[in-house]
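Biologist: Please take me through one part of this model in detail. I would like the nonpolar core, and then whatever lies around it.

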Amino acid sequence: MSAPIPRSALFLAIAGLLPFLWGVATLLIDPAYDLAYSTLGGRFVAPYVQLNYGQVILAFMSGVLWGFATRARAEQAAICYALSVIPALWAFFMAGGGPVSAAMNLIFGYLGLLALDWQFWRWGLAPGWWMRLRLPMTLAVIACLLVGVFR
């Protein structure tokens, strides 16, 4: 059995879900939307908070994969570095347009990221606990984005 997920990583990952959850709340609960809009502005209500934050986190995860690529053997490193930039490029090029198409493209981006996470983990470049963290986090993010797609 691999090591447990470090508490700090788990805590920060769960905290990282808050903007997605806040987006769901402001989408489904009118008083939450009104409060956020009047105090924080339009960027901090659904769908904008989810889409903007979703792009940032997808790009951030590219950096995580880049870090894993630094652990690759010389003959494998180039492919790992190339794969690691895909989520950031996806976020940059594909998360525009209307809120529904942007959310769908982010969902596809997160699914692609999950596949890359799995591959880097399979290659032994990610920690043993990595997929036990990434799978539920990805499913939670996708669920939040789907609320905006189908609302």
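Modeller: What follows starts with the core and moves outward. The model is a predicted one.

The largest nonpolar core has 39 residues. Those with the most contacts inside it are Phe68, Leu106, Tyr110, Phe120, Trp130, Leu133 and Leu145. Which elements build this core? Two or more residues come from each of helix H2 (18-28), H4, helix H5 (74-84), helix H7 (99-122) and helix H8 (130-150).

Take Leu145 to begin with. Leu145 sits in helix H8. Its relative accessibility is 1%, so Leu145 counts as buried; the cut-off for buried is under 20%. Set aside its neighbours within four places in sequence, and Leu145 is in contact with Phe20, Gln50, Ala103, Leu106, Ile107 and Tyr110. Two of these partners, Leu106 and Tyr110, are also on the list of core residues with the most contacts. Leu145 and Leu106 lie 39 residues apart in sequence, yet their C-alpha atoms are 8.0 Å apart in space.

Val141 is another residue of helix H8. Val141 has 7% relative accessibility and therefore counts as buried. Leaving out residues up to four places away in sequence, Val141 touches Leu17, Phe20 and Tyr110. Phe20 and Tyr110 thus appear among the contacts of both Val141 and Leu145. Ser2 is a different matter. Val141 and Ser2 are 139 residues apart in sequence, and 25 Å separates them, C-alpha to C-alpha.

Now Phe68, also among the core residues with the most contacts. Beyond its neighbours within four places in sequence, Phe68 is in contact with Phe120, Leu125, Ala126, Pro127 and Trp130. Phe120 and Trp130 are themselves on the list of core residues with the most contacts.

Helix H4 covers residues 48-69 and holds Trp66. Is Trp66 buried or partly exposed? Trp66 has 42% relative accessibility, so it counts as partly exposed. Trp66 belongs to a nonpolar patch on the surface, together with Val85, Ile86, Leu89, Phe92, Phe93 and Met94. The accessible area of the patch is about 710 Å² in all. Helix H6 (residues 86-94) gives the largest share of the patch, 5 residues.

One backbone detail remains, in the loop between helix H3 (30-39) and H4, where Pro47 is found. The peptide bond from Ala46 to Pro47 is cis, and its omega is near 0 degrees. Most peptide bonds are trans.

Methods. Residues numbered from 1 in each chain as written. Predicted model: local features only at pLDDT ≥ 70, side-chain atom pairs only at ≥ 80, totals over all residues. Heavy atoms only, no water. Patch = residues over 30% accessible without salt bridge, like charges linked within 9 Å, V, L, I, M, F, W, Y side chains within 5 Å. Areas by Shrake-Rupley, 256 points an atom, 1.4 Å probe, with all protein chains shown as cover. Salt bridge = Lys/Arg side-chain N within 4 Å of Asp/Glu carboxyl O. Helix = DSSP H or I, 4+ residues; strand = E, 2+ residues; numbered from the N terminus. Buried < 20%, exposed > 50% of the residue type's maximum accessible area, 1.4 Å probe, protein only. Core = buried A, V, L, I, M, F, W, Y, C linked by side-chain atoms within 4.5 Å. Contact = heavy atoms within 4.5 Å.
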